[in-house]
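Work through the exercises below with the sequence and the model in view. Each task is followed by a solution in steps.

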Amino acid sequence: MTFTWADFVSAEPHFAETVQRRFEQYVHHVLATLRKDGSPRLTGLEVTFKFGELWLGMMPNSLKALDLARDPRFALHANPGEGSEMADGDAKIAGRAVEITDEETLVRFAAEVEPPLPFHLFRVDLGEVVWTGLDGEDLVMRIWRPDRPLRTVRRGSGEGPPREDQG
């Protein structure tokens, strides 16, 4: 089942806004893909939110594009920014990258975003979205998956187990 960014916005509008705002604070983020041998590859990447989708654009025949064409699984980590405050939290997205070859979509995207030509374009099929931040002494994780309701898990600084917020 495909789950687009627009589907996520519809399901969890406030959470989606928080995560999108976090990604839009900086231009460059970190993308994890899988190499031919199955080992991870980390590379820089710009992301674009347009037309109700989350897009990953990249240079032709870049290693990350070749990785995704071979195995579409990925993880994306928002640029953490400067310092160690985590004032706006930490955002991560995982899923599958769907390569776009449809000329109409490519032309529409290029007209809006003006990427360097030529380019590879992938649409994100969401598998998981996680935001991590601080609330007082607690580390708070908000976790969303297409097949589950949004969860909030808290971890204190002590040795106690994580607590899941109810309702």
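**Exercise 1: Contacts and overall form**

Task: Find what share of the contacts with a separation of 6 or more joins residues 24 or more positions apart, then describe the fold and dimensions of the protein chain.

Solution. Step 1: in this predicted model, residues 24 or more positions apart account for 54% of the contacts in the protein chain with a separation of 6 or more.

Step 2: list the elements. The protein chain has 4 helices and 9 strands, and from the N terminus on they run α-α-β-β-β-α-β-β-α-β-β-β-β.

Step 3: test the compactness. The globule rule gives 15 Å for 167 residues, and the radius of gyration of the protein chain is 17 Å, close to that value, so the chain is as compact as a globular protein of that length.

Step 4: add the extents. The C-alpha trace spans about 50 × 35 × 30 Å along its principal axes.

Step 5: turn to the surface. Of the 167 residues, 38% are buried. The accessible surface comes to about 9800 Å², and carbon and sulfur atoms hold 51% of that.

**Exercise 2: The helix α2**

Task: Check the length of α2 against its residue count, and decide how its buried residues are placed around the axis.

Solution. Step 1: take 1.5 Å a residue and multiply by one less than the number of residues. For the 12 residues of α2 the expected span is 16 Å; the end C-alpha atoms are 16 Å apart, which agrees.

Step 2: pick out the buried residues of α2, which are F15, A16, V19, R22 and F23. Because they cover an arc of only 130° around the axis, they lie on the same side of α2.

Step 3: look at the face turned away from that buried side. This face carries the exposed residues H14 and E24.

**Exercise 3: The nonpolar cores**

Task: Which residues of the largest nonpolar core touch the most other members, and which element gives the most to this core?

Solution. Step 1: the largest nonpolar core has 28 residues, and those touching the most other members are W5, F8, V19, F23, L56, L76 and I93.

Step 2: find the contributors. Elements giving two or more residues to this core include α1 (5-11), α2 (13-24), β2 (40-50) and β5 (90-99). The most comes from β6, with 5 residues.

Step 3: follow F23 outward. Leaving aside neighbours within four places in sequence, F23 is in contact with H29, V47, F49, L76, H77, A78, A91 and I93.

Step 4: note the second core. This separate core of 7 residues includes W55, L106, A110 and F119.

Technical notes. Residues are numbered from 1 along each chain as its sequence is written. This is a predicted model: local features need pLDDT of at least 70, side-chain atom pairs count only at pLDDT 80 or more; totals for chains, interfaces and linings use all residues. Side-chain values use heavy atoms; hydrogens and water are left out. A nonpolar core is a set of buried Ala, Val, Leu, Ile, Met, Phe, Trp, Tyr and Cys residues joined through side-chain atoms within 4.5 Å. Buried means under 20% relative accessible area, exposed over 50%, partly exposed in between (1.4 Å probe, protein chains only). Contact means heavy atoms within 4.5 Å. The arc is that of the directions from the helix axis to the C-beta atoms. The radius of gyration is taken over C-alpha atoms; the globule rule is 2.2 Å times the number of residues to the power 0.38. Accessible areas come from the Shrake-Rupley method with a 1.4 Å probe; for residues, only the protein chains shown count as cover.
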